[in-house]
Amino acid sequence: MPIYLTDSINFVRKLRPARVWNVVKLFLSFHLTRWLRRPIQWGVPMTVSIEPTTACNLRCPECPSGLRSFSRPTGNLKQDFFRKTIDEMYKELIYLIFYFQGEPYINPGFLDMVKYANQKGIYTITSTNGHFLNDENARKTIESGLDRMIISVDGTTQEVYENYRKAGKLESVLQGARNVVKWKKKLNSKTPHIIFQFLVVRPNEHQIPEIYKLAEEIGVDEVKLKTAQVYDYENGNPLIPTIDKYARYAQQEDGTYTVKNELLNHCWKLWHACVITWDGMVVPCCFDKDASHRLGDLKQQSFKELWHGEAYQEFRTSLLKGRDQIDICTNCTEGCKVWA
């Protein structure tokens with residue numbers, strides 16, 4: 001069976017009437033909001049990103065974890081808090097992304113939490129730098145029921161890889177991927193769907209054809225090319241690719257750069273998704289890396305109270321008035337897509 005079809009069938013099996021009905025409510029309320037120009041929210045998130053940890057072993061230059069530059073507290077997600085949150089949300093929740101900042105496998109309870117979410121019938125996803133996929137963790141990953149694993153492989157040689165993945169070892173990542181593929185076969189498991197994610201930057205753009213060959217050799221299911229977000233882009237940046245379709249930024253006549261995406265005054269993410277930090281803060285989306293727009297605290301209130309509460313509605317209202325006035329939106333290339 002083709003790998004994409006296998007993954008799709010696995011996803012469809014996770015659907016329940018309550019989850020499908022929630023998607024319908026989200027879609028209708030989002031489009032009604034765009035028509036009336038005032039926030040209407042009938043559903044609850046079908047996608048949630050939850051942060052296992054803020055810690056990371058690498059030093060990537062455009063990442064707060066890598067730069068050790070957070071202003072918010074650092075720490076690990078606690079299993080009891082995680083289970084309590086999932087118990088409240090699982091009936092309508094379709095996707096659970098175990099990632100925001102940090103390296104998920106650093107949290108010692110990470111795979112136990114994946115297993116718990118899997119038992120609730122949720123489609124589970126994680127993104128990892130691949131350095132912790134030793135033989136034991138690879139086996140436990142398969143046994144946890146994880147549905148999708150994204151492994152960051154931003155170069156096919158050590159010299160190129162370490163241009164962005166500072167302090168990383170490419171061979172450790174590739175061996176980790178081999179371990180997961182091996183245990184997936186040994187345990188006769190259809191999951192996880194394994195993806196090599198290649199963050200296209202100027203130093204590695206010439207290796208795009210090679211990453212496909214490498215993935216095929218190892219037995220990885222899919223390769224995804226991702227455009228890179230950089231913080232200081234206005235006057236150019238050595239990470240911005242020369243291949244235009246892989247760049248989030250366009251050069252202007254005066255030599256400066258601007259974000260390609262038009263900031264339309266609506267955002268599908270604010271209707272169908274949210275991010276939960278390791279310590280229970282709810283923030284609008286993955287662009288709020290330092291959790292500066294805190295819309296509630298799950299240690300103090302239920303998620304549904306928070307989701308339909310005053311702070312969320314005020315943020316949605318401000319977004320409808322002008323995304324260019326919201327700092328986390330100004331470097332966004334995703335937010336206005338429906339089904340993004």
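This dialogue walks through several features of a predicted model.

Visitor: Before I look at any detail, what pLDDT does the chain average, and where is the pLDDT below 50?

Guide: The general idea is that where pLDDT is low, the predicted coordinates should not be read in detail. In this predicted model the chain averages a pLDDT of 91, and 96% of the residues score at least 70. Over residues 335–340, however, the pLDDT is below 50, although this stretch has 23 contacts in the model beyond near neighbours in sequence.

Visitor: How should I read the interior, and which residues of the largest nonpolar core touch the most other members?

Guide: In soluble globular proteins, nonpolar side chains tend to be buried together. Here the largest nonpolar core holds 89 residues, and those that touch the most other members are F82, L96, F98, I151, F196 and I276. Helix α8 (residues 170–186) supplies the largest share of this core, with 7 residues. If you select I276 and leave aside residues up to four places away in sequence, you will find that I276 touches V48, S49, I50, E51, F81, T85, M89, M281, V282 and L298.

Visitor: Which residues of helix α5 are buried, and what covers them?

Guide: Helix α5, residues 110–119, has F110, L111, M113, V114, Y116 and A117 as its buried residues. Their cover includes the helices α4 (79–89) and α6 (135–144), together with the strands β2 (95–98) and β3 (123–128). After α5 comes G121, whose phi is positive, near 75 degrees.

Visitor: Where does the model place nonpolar side chains on the surface?

Guide: V20, W21, V24, F27, L28 and W42 form a nonpolar patch there, and together they have about 570 Å² of accessible area. One of these residues, L28, is found in helix α2 (residues 17–36), and with a relative accessible area of 45% L28 is partly exposed.

Visitor: Turning to the backbone, which residues have a positive phi although they are not glycines, and are they buried or exposed?

Guide: N188 and A291 are two such cases, each with a positive phi of about 50 degrees. N188 lies in the loop between α8 and β5 and is exposed, at a relative accessible area of 72%. A291, by contrast, is buried, at 3%, and lies in the loop between β10 (281–283) and β11 (296–297). The loop between α8 and β5 also contains P192, and the peptide bond from T191 to P192 is cis, with omega near 0 degrees.

Visitor: How many salt bridges does a search of the whole structure find, and which parts does the pair R148 and D7 tie together?

Guide: Side chains of opposite charge can pair when their charged atoms come close. The search finds 13 salt bridges. In the one between R148 and D7, the closest N and O atoms are 2.6 Å apart. Because R148 lies in strand β4 (residues 148–152) and D7 in helix α1 (residues 3–13), this pair ties together parts that are 141 residues apart in sequence. Both R148 and D7 are buried.

Visitor: What is the accessibility of R178 and E171, and where do D244 and K260 lie?

Guide: R178 forms a salt bridge with E171, with the closest N and O atoms 3.0 Å apart; R178 is partly exposed at 34% relative accessible area, and E171 is partly exposed at 48%. D244 and K260 also meet in a salt bridge, at 3.3 Å from N to O. D244 lies in the loop between β6 (222–227) and β7 (249–251), and K260 in the loop between β8 (257–259) and α10 (269–272), so this pair ties together parts that are 16 residues apart in sequence. K260 itself is partly exposed, with 36% relative accessibility.

Note on methods:
Residues numbered from 1 in each chain as written. Predicted model: local features only at pLDDT ≥ 70, side-chain atom pairs only at ≥ 80, totals over all residues. Heavy atoms only, no water. pLDDT = per-residue confidence, 0-100. Contact = heavy atoms within 4.5 Å. Patch = residues over 30% accessible without salt bridge, like charges linked within 9 Å, V, L, I, M, F, W, Y side chains within 5 Å. Areas by Shrake-Rupley, 256 points an atom, 1.4 Å probe, with all protein chains shown as cover. Salt bridge = Lys/Arg side-chain N within 4 Å of Asp/Glu carboxyl O. Helix = DSSP H or I, 4+ residues; strand = E, 2+ residues; numbered from the N terminus. Buried < 20%, exposed > 50% of the residue type's maximum accessible area, 1.4 Å probe, protein only. Core = buried A, V, L, I, M, F, W, Y, C linked by side-chain atoms within 4.5 Å.
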